[in-house]
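Please look over the structure shown below. The paragraphs that follow go through its salt bridges, its overall make-up, a pair of packed helices and one loop residue.

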Amino acid sequence: MSELITAELVDLDLSAETKSAATRSLAGRMVAAGRVTDLDGFLADVAAREAQMPTGLDGGIGIPHCRSEHVAAPTLAFGRSARGIDFGAADGPADLVFLIAAPAGADDDHLTILSSLARRLMDPAFTGALRAEADPAAAAARIRGEEVPATVQDPRTTAPADTERETAEPFRIVAVTSCPTGIAHTYMAAESLEAAARAQGVVLDVETQGSAGFERLDPAVIAAADAVIWAHDVDVREKARFGGKPVVDTGVKAGINRPAELIAEARRKAGRGEISRFSDDPGEPGAGTAGSAQASGHFGVRLRTYLMSGVSYMVPFVAAGGLLIALSFAIGGYEIASAKSVADHFVWGEADSWAALLNQIGTAAFGFLVPVLAGYIAYGMADRPALVPGFVGGAIALTVDAGFLGGLVAGLLAGAAVMAIQRVKVHPTLRGIMPVLVIPLLASIAVGFLMYIVVGKPIASLQNALTDWLNGLSGSNAVILGIVLGLMMCFDMGGPLNKVAYAFAVGGLADPTPGSLKVMAAVMAAGMVPPLAMALATTVRRGLFTRTERENGRAAWVLGASFITEGAIPFAAADPLRVIPSVMAGGAVTGALSMAFGCTLRAPHGGVFVVPLIGEPFLYLLAIAAGTAVSTALVVALKGMRRNPGNPVPAGDEAEVPVAA
């Protein structure tokens, strides 16, 4: 920022009372310095930018800015108002005003000024020094980042220098983040919470319960915490560790998009002295999810959490088993599924023997798919005592041919049975055997009776009807299903709708049919579109995206190619009204084309790396390319519409500023 501001561009006694008067006064200094060639034209561009969105930031700061053809060189002017000027910030008028001017087309200059200034404005010492500075040259030097002798601290941004405040402990939070697949949302939420905590001076430790396992927080760290934040879409493991602490319980996307609000809520709960109890004994009422803050929420929220818990544990079985089976077909052909057991017949030098080995290992892994789904749905509802009846119910679902739908119902029944038994008061001497003997025994009997006698056969009939429907899909029916699946995969990019569509697809792989293989292909193809489209858009129209988005775009190429839909989340979070409809349209096109082309897929994951295992691979890639092109064209067009002819600020430019721009 060395050339952006000089003493002549600083007004420490800004007398203007309105934002238009303030910008005119500061712009006049730019004209006098030869930085702006047409005052009225430049002010018109500033006003056009201001009309799009207020430029006031919390903390008494205003940052009017624009790019204009009337600017000769990137310039920054600073004014300090004693009265305060309304720039639209939620907390009131601004006393520090920064007018930023960049030449038309100078994307990098404009973004550099905004991002550099925004980061420094988050430092109370910096803004406090500007409020106390008496010399314009020193103020300009501070803004340029040069060393200036210390001045009197501003009482608005610093605490009284008493012993109590100097020795006060910082507010401490422990957090847990988790999502159904544990790949993207889990770690994005953790990173977002950590960044917000640093900005607020809060000490925050995060436990990420992701797909790679999790490292438990040190008990001493938990004990020292003032509050707890759970940002999760699957059940938090070992809740009892956090008993006695105020808990903010929310979904993982809130951790990504609203971290500052969650930290503020944790402070409020701690201030009110709220505590939560999570029993160490899963046989007691109040254990597991039933005793959590989550359980007190809306039934639909709890049901989604239960189902996502089952899906999250099922995914590794799906991925390992599905890929092994797909590889076996690639090596030995589809007839390898009927090969003799490798335990009885295996020849080291024969490719078919190795193909049969992979197929039978994968089939064994797939055999656990429905029981694991049912078991961990039940676990999400009622903790460890529900595992046995959940797995038993899932196994029965396979026995009576109720399949994937039967597993869902069995898990819910098992969890409900355990929760009902846990509500029965028992003598203290029996509590020790309740979770390991009585509850699993009684709940397994109840679930077994219901699955064998009551609901198993009707669900099996429904499953068979669904299978027949999928097998009979052709023409317009197949295309419509592809459109629906594409829309679901791209709407929330890893959220509940995405996971429902994915679970529907992988459920068909347990007993594959031509129809279910087409569904799996359409789902994976559509899920690849959002990150690929954002990567392409940041490549072909760089000026519409911030520097951070362009960097994310480079990573999105790999994420999209790997079928990690979450790679588009940073773009959707920054501009949801333009990005989400665009990627949904592309996903619908891809899903429809994949179904129309008759593409099939036996692998549940892998993206372009499993293309050799795809039926009609060239048409499949064409479907993905078409959907990516549609999404790219739409997002570029929608973002381009934000550009005002007199104020060509790229959409997303303001994303570099923490609060508003």
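Lys 639 has a relative accessible area of 1%, so the residue counts as buried. The model is a predicted one, and in it Lys 639 forms a salt bridge with Asp 575, with 2.8 Å between the closest N and O atoms. Asp 575 is buried as well, at a relative accessible area of 6%. The two partners come from distant parts of the chain, 64 residues apart: Lys 639 belongs to helix α23 (residues 617-640), while Asp 575 sits in the loop between α21 (569-574) and α22 (576-597).

How many salt bridges does a search of the whole structure find? The search gives 13. Sharing of partners among salt bridges joins Glu 207, Arg 216, Glu 238 and Arg 241 into one network. Within this group, Glu 207 pairs with Arg 241, and the closest N and O atoms of that pair are 2.8 Å apart. This salt bridge also links distant parts of the chain, 34 residues apart, with Glu 207 in strand β8 (residues 203-208) and Arg 241 in the loop between β9 (227-232) and β10 (247-250). Is Glu 207 buried or exposed? Its relative accessible area is 0%, so Glu 207 is buried. Arg 241, at 23%, is partly exposed.

Another salt bridge is formed by Arg 384 and Asp 383, whose closest N and O atoms are 3.8 Å apart. That distance still counts because the cut-off for a salt bridge is 4 Å. Asp 383 has a relative accessible area of 15% and is buried.

The next values describe the protein as a whole. Its secondary structure consists of 23 helices and twelve strands. The protein has 661 residues, and 52% of them count as buried. The exposed area is about 27,600 Å², of which carbon and sulfur atoms supply 61%. If contacts are restricted to residues at least 6 apart in sequence, 72% of them join residues at least 24 apart.

The helix pair α14 and α15 comes next. Two packed helices are described by the angle between their axes and by the distance between those axes. For α14 and helix α15 (residues 403-422), the angle is about 155° and the axes are 8 Å apart. The two helices are therefore roughly antiparallel to each other, since angles over 145 degrees fall in that class. The crossing of α14 past α15 is right-handed. On the α14 side, the contact is made by Pro 389, Gly 390, Gly 393, Gly 394 and Ala 397; on the α15 side, by Gly 403, Gly 406, Gly 407, Ala 410, Ala 414 and Val 418.

Val 392 also lies in helix α14 (residues 387-399). Its relative accessible area is 31%, and Val 392 is thus partly exposed. From Val 392 to Gly 407 the separation is 15 residues in sequence and 9.9 Å in space, C-alpha to C-alpha.

The last residue is Arg 35, in the loop between α1 (19-32) and α2 (39-52). Why does Arg 35 count as buried? Its relative accessibility is 16%, and buried means under 20%. With neighbours within four places in sequence left aside, the contacts of Arg 35 include Glu 3, Leu 4, Thr 6 and Leu 9, together with Met 30. Its other contacts are His 70, Val 71, Ala 72, Ala 73, Pro 74 and Thr 75.

Technical notes. Residues are numbered from 1 along each chain as its sequence is written. This is a predicted model: local features need pLDDT of at least 70, side-chain atom pairs count only at pLDDT 80 or more; totals for chains, interfaces and linings use all residues. Side-chain values use heavy atoms; hydrogens and water are left out. A salt bridge is a side-chain nitrogen of Lys or Arg within 4 Å of a carboxyl oxygen of Asp or Glu. Helices (H or I, at least four residues) and strands (E, at least two) are DSSP runs, numbered from the N terminus. Buried means under 20% relative accessible area, exposed over 50%, partly exposed in between (1.4 Å probe, protein chains only). Contact means heavy atoms within 4.5 Å. Accessible areas come from the Shrake-Rupley method with a 1.4 Å probe; for residues, only the protein chains shown count as cover. Axes are lines fitted to C-alpha atoms, for helices over the stretch in contact, and angles run from 0 to 180 degrees between N-to-C directions. Angles under 35 degrees count as roughly parallel, over 145 as roughly antiparallel, 65 to 115 as roughly perpendicular and the rest as oblique. A crossing is left-handed if the near helix is turned anticlockwise from the far one by less than a right angle, and right-handed if clockwise.
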